[in-house]
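Dear colleague,

Please find below the structure that I am handing over to you. My notes on what was found in it follow directly after.

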Amino acid sequence: MTLERTWTDDSVTKDLAQLRATSPLTHCLTNLVVTGFTANVLLAVGASPAMVIAAEEVEDFAAVAEGLLVNVGTVTSADTDAMNRAARAARAARTPWVLDPVAVGPLRFRTELVGRLLEHGPSIIRGNASEILALVGSSGGGRGADSTSDSREAIEGARELATRTGAVVAVSGAVDYITDGEEVVGVPGGHVLLTKVTGSGCALGAVMAAFLGVSHAPLDAAIGASAVFAAAGERAAAKAQGPGGLAVGLLDELYRLGRPELVA
Amino acid sequence: MTLERTWTDDSVTKDLAQLRATSPLTHCLTNLVVTGFTANVLLAVGASPAMVIAAEEVEDFAAVAEGLLVNVGTVTSADTDAMNRAARAARAARTPWVLDPVAVGPLRFRTELVGRLLEHGPSIIRGNASEILALVGSSGGGRGADSTSDSREAIEGARELATRTGAVVAVSGAVDYITDGEEVVGVPGGHVLLTKVTGSGCALGAVMAAFLGVSHAPLDAAIGASAVFAAAGERAAAKAQGPGGLAVGLLDELYRLGRPELVA
Amino acid sequence: MTLERTWTDDSVTKDLAQLRATSPLTHCLTNLVVTGFTANVLLAVGASPAMVIAAEEVEDFAAVAEGLLVNVGTVTSADTDAMNRAARAARAARTPWVLDPVAVGPLRFRTELVGRLLEHGPSIIRGNASEILALVGSSGGGRGADSTSDSREAIEGARELATRTGAVVAVSGAVDYITDGEEVVGVPGGHVLLTKVTGSGCALGAVMAAFLGVSHAPLDAAIGASAVFAAAGERAAAKAQGPGGLAVGLLDELYRLGRPELVA
């Protein structure tokens with residue numbers, strides 16, 4: 001049995017209010033496909049995104065940021081140095097950080113990089129079921145960036161990964177499952193049409209990095225980000241004609257969530 | 001005289017249904033301007049996009065993908081190795097692939113790269129009239145990424161290029177012309193406002209790569225992709241207030257095309 | 001006292017009409033977050049964007065372009081050579097160019113690059129208050145890409161920077177202030193919600209580069225671009241439900257501005 005959490009839970013609404021009040025500086029090294037969308041998601045939810053990627057700059061920046069995201073979606077050899085430096089500097093400066101191991105498993109180059117990044121102690125690891133299962137060695141991985149498994153099937157793997165790494169592990173899917181190795185929390189909501197919007201999972205990882213700047217603990221940050229994202233996604237999907245309108249509406253709903261004073 | 005084809009043709013609707021049923025893994029090495037939009041177009045039409053770009057990864061990935069796109073729009077020297085590797089691996093693994101020679105002609109660096117890529121036997125070459133004419137040496141090329149010629153003027157050049165390379169050649173314009181060197185097929189539709197949406201041509205090339213994963217032959221893939229794209233573009237343009245809404249609506253209409261069960 | 005200008009001023013409407021009639025080729029070396037949005041903004045306003053970034057190509061291209069933008073938002077060491085070459089070639093070919101010194105000040109790597117770029121004589125420097133103040137050495141800079149100062153507080157710094165460099169300096173904010181070192185012009189309009197759309201400032205810099213291709217002088221280009229952008233932003237904000245719809249509507253309104261024949 002897992003506990004279910006939604007954005008109306010007290011701790012989530014409190015963290016969201018705090019996020020909007022303080023706009024945590026959220027440093028992202030993410031992939032080329034989703035950079036703009038991720039920045040827009042962070043702005044919509046209330047954070048202050050900063051896509052600083054130069055190896056010469058990431059250490060200084062990760063040290064002053066309130067949260068860091070490292071996403072290996074389109075990583076090239078030119079990026080690996082910057083990613084390792086950013087993660088190491090984040091740890092040294094006690095900046096909490098999120099690792100998004102996109103498509104880890106079948107591709108050796110990024111799988112080795114993810115192995116090295118794990119040594120820098122991420123606060124949260126967010127992935128789909130195939131990626132989480134690949135990290136615990138119990139699956140050959142997914143199909144490109146897509147999962148071939150259901151999020152529920154990865155709960156035990158997620159617990160194992162959390163225990164092994166000390167990170168909170170979040171498995172995205174129809175229900176998001178989040179665990180610190182002991183407690184397992186389910187966050188329902190979202191919408192299947194979100195799988196037709198590129199970068200919705202990647203952007204969720206960025207929102208987790210923003211919540212790390214305000215939440216009491218990584219478990220709360222992962223839950224808060226998932227719950228807010230799921231609620232906005234659900235609302236946007238109810239109005240959308242298709243995936244184009246959904247991506248636009250997701251930004252609008254992230255901005256509007258819990259602000260009844262904003263009239264339609 | 002050219003034959004006209006639209007998305008309601010039997011072979012096109014069959015290929016579209018097959019594409020949605022099987023979600024062909026479509027590997028894209030494309031330009032920085034359009035990466036996110038291209039992924040969203042592929043998801044909307046029903047394919048599974050994968051923007052894997054590292055030289056260390058492209059060979060393995062191109063070999064398992066169902067179709068590959070190489071688009072040189074913002075190519076730098078760091079990308080050329082990955083593009084050549086991907087194209088070579090695609091050919092070796094019999095993964096069909098699309099070459100989009102953006103702005104070839106006036107710029108020597110990319111023109112030489114395109115020359116090398118052509119040696120790896122693309123299944124389809126997609127470009128605007130200026131680009132196709134530049135490839136057969138009968139024009140100095142366009143103006144940046146824009147064509148200075150009408151697609152009709154490039155029909156003979158396209159036939160010559162197809163004969164010379166063995167590829168199907170698709171010339172985008174008010175009417176798209178597609179040829180295997182013998183047959184010339186015209187695909188009407190689309191809308192002039194699409195020229196105000198960046199990457200609409202580039203995304204069409206990606207859709208051709210997706211159709212290569214399901215169609216009987218490259219000629220069918222190029223026609224199917226063009227016909228579906230033109231129909232969605234036309235529908236989206238009929239509702240749009242401008243180019244912003246058109247880009248959003250294009251994604252919605254690609255998703256909705258031929259699905260009457262999706263209510264407005 | 002500063003003079004106020006809006007898009008309905010004669011010189012602005014004339015330049016906008018000229019821009020739409022001639023589609024100036026606008027060469028952009030900009031950051032990864034905003035590349036696609038910038039191209040769409042340029043297309044919507046009527047320019048012809050070209051995102052050519054290879055060191056091997058930028059010199060030839062900057063020489064034939066009608067305006068150039070160099071934006072250092074996500075600059076890496078691999079980009080600095082191309083940026084310096086482009087700026088140098090632009091100056092040699094008398095192509096006017098815009099420098100957008102994103103997040104200059106606290107980060108040494110980009111601050112040194114901006115110093116070198118300034119030697120190539122930009123026609124316009126566009127930034128937020130923190131960036132402009134950092135360039136005159138009177139502030140420690142902002143918070144990532146965000147300003148921690150009001151645009152009004154940077155007017156004197158902007159005058160000093162204009163006098164020192166010979167460039168027109170544009171400070172973006174609730175009111176944009178633009179100066180050639182003597183005259184100071186204020187452009188009101190826009191909307192605070194635009195600060196939740198990533199790249200709106202960066203895209204404004206690109207529109208200035210496009211106006212440089214048609215305006216009589218850099219001061220007119222900066223004013224014209226700001227006035228048109230502010231008017232479109234204000235109209236889009238009046239209809240938007242949030243930042244997602246605002247970004248889409250901004251493109252629509254840039255396209256529609258001053259075209260009463262386009263029905264709603």
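B:Glu160 is partly exposed, with a relative accessible area of 40%. This value, like the others in this message, comes from a predicted model. B:Glu160 takes part in a salt bridge with B:Arg164, in which the closest N and O atoms are 2.8 Å apart. Both residues belong to helix 7 (residues 155-165) of chain B, and because they are four residues apart, about one helical turn separates them.

In chain A, a salt bridge likewise joins A:Glu160 to A:Arg164, with the closest N and O atoms 2.9 Å apart. These two residues lie in helix 7 (residues 155-165) of chain A, four residues apart, or about one turn of the helix. A:Glu160 has a relative accessibility of 42% and therefore counts as partly exposed.

A further salt bridge was found in chain C, between C:Arg126 and C:Asp100, whose closest N and O atoms are 3.0 Å apart. This pair links distant parts of the chain: C:Arg126 is in strand 6 (residues 124-128) of chain C, while C:Asp100 is in strand 5 (residues 97-100) of chain C, 26 residues away. C:Arg126 is buried, at a relative accessible area of 5%, and C:Asp100 is also buried, at 0% relative accessibility. In chain A, salt bridges that share partners join A:Glu59, A:Asp81 and A:Arg85 into one network. Over all chains, the search of the whole structure finds 24 salt bridges.

I turn next to the arrangement of the chains. A turn of 120 degrees, with a shift of 0.0 Å along the axis, lays chain B on chain C with an RMSD of 0.0 Å. That is the relation of a three-fold axis. The C-alpha of chain B nearest the axis belongs to B:Leu32, at 4.1 Å from it. Only 8% of the interface residues of chain B are also interface residues in chain C, so the copies meet through different surfaces.

Chain A can also be laid on chain C by a turn of 120 degrees and a shift of 0.0 Å along the axis, with an RMSD of 0.0 Å. In chain A, A:Leu32 has the C-alpha nearest the axis, 4.1 Å from it. For chain A, only 7% of its interface residues are also interface residues in chain C, so these copies too meet through different surfaces.

Finally, C:Gly166 is located in the loop between helix 7 (155-165) and strand 7 (168-172) of chain C. C:Gly166 is exposed, with a relative accessible area of 66%. Its C-alpha atom is separated by 28 Å from that of C:Ser77, which is 89 residues away along the chain.

With kind regards

Definitions and conventions: Residues are numbered from 1 along each chain as its sequence is written. Chains are lettered from A and ligands numbered from 1 in the order in which they are written. This is a predicted model: local features need pLDDT of at least 70, side-chain atom pairs count only at pLDDT 80 or more; totals for chains, interfaces and linings use all residues. Side-chain values use heavy atoms; hydrogens and water are left out. Buried means under 20% relative accessible area, exposed over 50%, partly exposed in between (1.4 Å probe, protein chains only). Copies are superposed by least squares on the C-alpha atoms of residues with pLDDT of at least 70 in both. Contact means heavy atoms within 4.5 Å. A salt bridge is a side-chain nitrogen of Lys or Arg within 4 Å of a carboxyl oxygen of Asp or Glu.
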